[in-house]
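Student: I should like to request a close look at a single part of this model, with the chain around it as background. What volume does the second largest pocket have, and which of its lining residues are closest to its centre?

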Amino acid sequence: MRVLYIICFLFTLGGVAQNDAIAKDYYNNGDFEKALHEYKKLYAQSPSNINYINKIVSTHQQLEQYDEAETFLLSIMERLNYPAFFVELGYNFQLKNDLDKANSYYNKALLSIEENPNHVFGIARTFQIHTLLDQAIQSYTKAKVLKPEFNFDLQLAQLYGEQGNIEQMFVSYVDYTLSNPVALNTIKRAINNFITEDSTNENNILFRKILLKKIQEEPNVLWNRLLSWLFIQQKDFKKAFIQEKAIFNREEGGISGLEELALIALNDGQDIIALDIFTFLIDTAQDIDTQLSAYYNTMLIKTKLASKTDYEDINEQYLKIFELYGKLPQTLGIQISYAHFLAFYMDDPKQATEVLEAALELPLTPLGKAEVKLELGDILLLQEKFNKALIYFSQIQRNLKNSTISQEARFKVAKASYYKGDFKWAEAQLKILKSSTSQLIANDALDLKLLISDNKYEDSTQTALKLYARADLLAFQNKKEAAIAILDKILKAHKTEPIIAQALYKQGQLFEEQEQYDKAVTNYELVIGNYRDGILMDDALFRLAKIYLKQFNEVEKAKSLLEQIIFHHADSIYFVEARKLYRTLRGDAIN
């Protein structure tokens, strides 16, 4: 009998859910007569279900049956003590243009909060549903006075935002953060809808002033965190650094914000401020892992910014790090970067190889060994010892199957084959990598495959493609001037071949790396002007826009180029970034 009862109950429950879904579909599709019929059936089964009651009222109103809605509500209010119905009844009168009666019932709803502050939840929510924002705010404010333990800062912030009262919205969000620090990231996401990357934006200035006032009135690291976050959105990393140092000085264990800020600045290309932050971490961090990570990134930045006259000094700095910490598994990343520096900058692949071979003698994890072998393979490519390089890459693939580093090794196998002119084998590897779990590797593999397939059939001797592969190898070997010279040969001797667009684009990238921005602009403009239907069109547009913006501060030219990506290249990998940058330049709030 008990089992039969349970089966009947579940069957009934399933039927109600199905009827509820049917009623919703009718309502959402505007078939209100049928929706009303279904909701009345549901109400008959659950006469105290507030949702069904509200839906019947709303459906009557959609059918302009205001008297029926009023009669129904009054009958319900005789039976149920739910003061939010005062709001519903008032709104029904408002729809009938009887504002006096509407306000009368709204006031009754507000008075009921004085009788019992717990009524605020249903009342305020109903006011908000009907976009009666002033009354919703009044409801929460009244209840908060009567019952101070209530916290409606989040609800009030959302209401102020809907009203367009940005200052009060910011204040409410900030107040809510103080009482609920765990919600900090949620609040950041909400505020992010109202600020931009432009520090002169009115909302940015307003939010900054509110936080500075809070710091003066009631110092708290939360305000510093929000200020740091604001400055990061504005890409003002120096000011964010000041705030993160303040947090570090006031809060034990506050180093994580500094590490995150340094990496954000580094990824944004702000090398100088990133270097300052990493140097600060080296001087202040107590744990070795943080120090070593900071040293690793510091040396990468110094190498990137250095001229040849600085190389000896950088070499000495690497050696001092090893004196301090030793050549242990913990310093493996620094050992690999040192070997790369020796081979690609100091032109000493022999010593670089010795450093890495010594590292392989350490008790490393399989992943650690693979990272060393990957660099050893690169150094062999640098020396054009392709077959030896392939041995290391193949070992990685064999030992760490299906891992990201294994896929990276396969890509390097394809690159090595491509460098030495074995385009068929390179293509075979690249076909496999198109479905790589690493999107970056998959994209790179697709780009290289298209380069080969688009150009290998044009010339039976594949002269131009071989020259381009040579230029690519020289660029990899850090011989940029030689690479540019080879690309010049292609541009002069193979003017009618499709590889010209690729040569112009590649040379433009190299000009950028050499800080020859005028020449880079010329190349990208030639791609845009002569190869509008080519696969490099959006790449050239985006890089040219960034040059005009960052190097020449020509905002209108940058906007014009970004517009072309937005309106004509919606499938571009740059589309989202281009749209965000364009909106920022135009002064829009970024969602």
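**The second largest pocket and its surroundings**

Tutor: The protein chain has a radius of gyration of 33 Å, whereas a compact globule of 591 residues would have one near 25 Å; this radius is taken over C-alpha atoms, and the globule rule is 2.2 Å times the number of residues to the power 0.38. The model is predicted, so local features need pLDDT of at least 70 and side-chain atom pairs count only at pLDDT 80 or more, while totals for chains, interfaces and linings use all residues. Residues are numbered from 1 along each chain as its sequence is written, and side-chain values use heavy atoms, with hydrogens and water left out.

Along its principal axes, the C-alpha trace spans about 90 × 65 × 60 Å. The chain has 32 helices and 0 strands, where helices (H or I, at least four residues) and strands (E, at least two) are DSSP runs numbered from the N terminus. Of the 591 residues, 48% count as buried; buried means under 20% relative accessible area, exposed over 50%, and partly exposed in between, with a 1.4 Å probe and protein chains only. Among the contacts with a separation of 6 or more, 50% join residues 24 or more positions apart, a contact being heavy atoms within 4.5 Å. The accessible surface comes to about 30,600 Å², and 50% of this belongs to carbon and sulfur atoms (Shrake-Rupley method, 1.4 Å probe).

We may now turn to the pocket. The second largest pocket has a volume of about 520 Å³. It is lined by 24 residues, of which the closest to its centre are Lys188, Trp229, Ile232, Gln233 and Glu260. Two or more lining residues come from each of α11 (184-192), α13 (221-233), α14 (237-250) and α15 (256-267). On a 1 Å grid over the protein atoms alone, a pocket is an open set of points where a 1.4 Å probe fits, with protein on both sides within 12 Å along at least five of seven lines, and lining residues have an atom within 4 Å of a point. Points are joined across faces, edges and corners, and the volume is the space filled by probe spheres set on them. The lining divides into 8 nonpolar, 9 polar and 7 charged residues; Ala, Val, Leu, Ile, Met, Phe, Trp, Tyr, Cys and Pro count as nonpolar, Asp, Glu, Lys and Arg as charged, and the others, Gly among them, as polar.

Helix α13 can be followed further through Leu226, which is placed in it. Leu226 is buried, at 0% relative accessibility. Apart from residues up to four places away in sequence, Leu226 touches Val174, Leu184, Lys188, Phe207 and Leu211. Lys188 is also one of the residues closest to the centre of the pocket. The C-alpha atoms of Leu226 and Asp175 are 12 Å apart, although 51 residues separate the two in sequence.

Asp175 belongs to the range of α10 (166-179), one of the elements that cover the buried residues of α9. The buried residues of α9 (residues 153-163) are Asp153, Leu156, Ala157, Leu159, Tyr160 and Gly161. Their cover also includes α7 (120-129) and α8 (133-146). Just after α9, Gly164 takes a positive phi of about 90°.

Most residues other than glycine have a negative phi. Glu64 nevertheless has a positive phi, near 60°. Glu64 lies in the loop between α3 (50-62) and α4 (66-79) and is exposed at 60% relative accessibility. Asn478 also has a positive phi, near 70°. Its place is the loop between α26 (463-476) and α27 (480-493), and Asn478 is partly exposed, with a relative accessible area of 26%.

Three further residues complete the background, again leaving aside sequence neighbours within four places. Thr331 sits in the loop between α18 (311-325) and α19 (332-344). Thr331 is buried, with a relative accessible area of 2%, and is in contact with Leu292, Tyr325 and Gly326. Lys506, in helix α28 (residues 499-513), is buried too, with a relative accessible area of 18%. Lys506 touches Tyr468, Asp472, Ala475 and Leu487. Tyr392, in helix α22 (residues 386-399), is in contact with Lys373, Leu376, Gly377 and Leu380. The C-alpha atoms of Tyr392 and Phe85 are separated by 75 Å.
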